[in-house]
Amino acid sequence: MKPKIEVENLNVWYGANHVLKDISMEIPEKRVTAIIGPSGCGKSTFLMTLNRLIDLVNGVCVKGKVLLDGKNIYNPGIDLTELRKKVGMVFQKPNPLPKSIYENIAYGPKIHGVKDRKTLDSIVEKCLRVVGLWDDVKDRLRDSAFELSVGQQQRLCIARALAVKPEVLLMDEPCSALDPTTTRKIEELIQTLKNDYTVVVVTHNMQQANRVSNYTAFLYLGKLIEYGPTQEIFTNPKNKLTKDYINGKFG
């Protein structure tokens with residue numbers, strides 16, 4: 001399986017706090033990789049290293065390599081705007097822009113130079129269809145995004161991330177604030193997205209990781225304890241810590 005992202009000897013410190021410890025792993029292209037582990041183990045920090053949002057944290061120090069298509073994103077001179085166009089992010093809580101539903105999706109393409117109205121209309125419709133929102137909102141595209149339900153807002157945020165045609169989509173506990181019905185819709189969407197995107201999803205929900213992912217990485221106290229095909233991790237973990245965590249014995 002071809003790796004889209006290769007992480008080599010990655011270490012992260014917040015001041016004196018060593019948060020990620022010598023992590024190395026390959027994230028395969030056009031598959032879903034789940035990152036699991038107890039709260040405070042470094043899951044969200046790891047996710048933010050993959051598009052350098054980690055740079056925005058005061059006092060952070062990152063050492064090691066993160067290769068995207070073979071190129072180290074931590075090399076000097078990397079265009080962060082272009083990087084974050086390729087590697088999009090969806091956060092735990094929906095964060096729509098204070099704009100209309102239409103403008104939430106059109107905003108990114110406009111920043112990247114798309115001016116033609118028909119092209120923008122097409123992008124908006126396509127992205128809303130992908131996330132299953134088009135039929136719900138096609139007659140209210142000028143309404144504020146804040147008028148949508150929380151679940152609809154989260155799907156809108158996914159559509160917004162897709163509008164700039166990323167290659168990788170990072171999702172930080174995208175269902176944690178959602179009801180079971182909406183969670184199921186997001187999980188079904190994640191399964192569909194892997195046909196076109198490399199997806200990395202942080203989740204605290206073991207059943208969700210098992211349902212949606214092809215590969216699972218288990219982090220504990222900043223270390224990568226085990227990584228492999230999800231079915232193997234959940235049915236025959238090689239490490240006792242992994243087995244105990246999956247069986248709900250800690251964390």
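In this predicted model, Thr33 counts as buried, with a relative accessibility of 0%. The residue is found in strand β3, which covers residues 32-36. Which residues surround Thr33, once its neighbours within four places in sequence are left aside? Thr33 is in contact with Met25, Ile27, Pro28, Val199, Val200, Val201, Ser213, Tyr215 and Tyr227.

Strand β3 belongs to an open sheet of six strands, and a reader tracing this sheet will meet them in the order β6-β7-β8-β3-β9-β10. The pairing in this sheet is mixed. Its edges are formed by β6 (87-90) and β10 (223-229), each of which pairs on one side only. On average, and with direction ignored, neighbouring strands of the sheet are turned by 15° against each other.

At one end of that order, strand β9 (residues 215-220) and β10 run antiparallel and are joined by six bridges. Two of the facing positions are easy to find in the structure: Tyr220 has Lys223 of β10 as its bridge partner, and Leu219 stands opposite Leu224 in β10. The two strands form a hairpin with two residues between them. In the turn, Leu221 has a positive phi of about 50°. A general point helps when looking along such strands: in a regular strand the side chains alternate between the two faces of the sheet.

Strand β9 also carries part of an aromatic cluster, made up of Phe218, Tyr220 and Tyr245. The count of aromatic pairs in the model comes to three. One of them joins Phe218 and Tyr220, whose rings are stacked at 6.4 Å centre to centre with 20° between the planes. How far apart are the ring centres of Phe218 and Tyr245? They lie 5.1 Å apart, and the planes meet at 20°; planes under 30 degrees apart count as stacked, so this pair is stacked as well. The pair links distant parts of the chain, for Phe218 lies in strand β9 and Tyr245 in helix α10 (residues 240-246), 27 residues apart. Are Phe218 and Tyr245 buried or exposed? Both are buried, and Phe218 has a relative accessibility of 1%. Tyr220, in contrast, is partly exposed, with a relative accessible area of 23%. Elsewhere, another ring has a charged group for company: the charged end of Arg142 sits over the ring of Tyr102, 4.4 Å from its centre.

The six-strand sheet, in the order β6-β7-β8-β3-β9-β10, is also a packing surface for a helix. Helix α6 (residues 150-162) packs on this sheet and touches β6 and β7 (168-172). The direction of α6 makes about 170° with that of β6. Does the length of α6 agree or disagree with 1.5 Å a residue? The 13 residues should span 18 Å, and the end C-alpha atoms are 19 Å apart, which agrees.

Helix α6 is largely enclosed by the rest of the structure, because 12 of its 13 residues are buried. Among the buried residues are Leu156, Cys157, Ile158, Ala159, Ala161 and Leu162, but also Arg155 and Arg160. Gly151, Gln152, Gln153 and Gln154 are buried too. Which elements do the buried residues of α6 pack against? They pack against β6 and β7, and against the helices α3 (101-111), α4 (117-130), α5 (134-137) and α7 (180-193).

A further open sheet has four strands in the order β2-β1-β4-β5, with antiparallel pairing. Strands β2 (17-28) and β5 (71-72) stand at its edges, each with a single partner strand, so one side of each is left without a neighbour in the sheet. Strand β1 (residues 3-14) is joined to β2 by eight bridges, and eight bridges also join β1 to β4. Strand β4 (residues 60-68) pairs with β5 over two bridges.

Individual bridge partners can be picked out along this sheet. Val12 is partnered by Leu20 in β2, whereas the partner of Tyr14 is Val60 in β4. Leu68 has Lys71 in β5 as its bridge partner. Strands β1 and β2 form a hairpin with two residues between them, and Gly15 in the turn has a positive phi of about 65°.

Terms used: Residues are numbered from 1 along each chain as its sequence is written. This is a predicted model: local features need pLDDT of at least 70, side-chain atom pairs count only at pLDDT 80 or more; totals for chains, interfaces and linings use all residues. Side-chain values use heavy atoms; hydrogens and water are left out. Two strands pair if DSSP finds at least two bridges between them. Axes are lines fitted to C-alpha atoms, for helices over the stretch in contact, and angles run from 0 to 180 degrees between N-to-C directions. Contact means heavy atoms within 4.5 Å. Rings of Phe, Tyr and Trp (its six-membered ring) pair if their centres lie within 6.5 Å; planes under 30 degrees apart count as stacked, over 60 as edge-to-face and the rest as tilted. Buried means under 20% relative accessible area, exposed over 50%, partly exposed in between (1.4 Å probe, protein chains only). A charge sits over a ring if NZ of Lys or CZ of Arg is within 6 Å of the ring centre and within 35 degrees of the ring normal. The expected span of a helix is 1.5 Å times one less than its number of residues.
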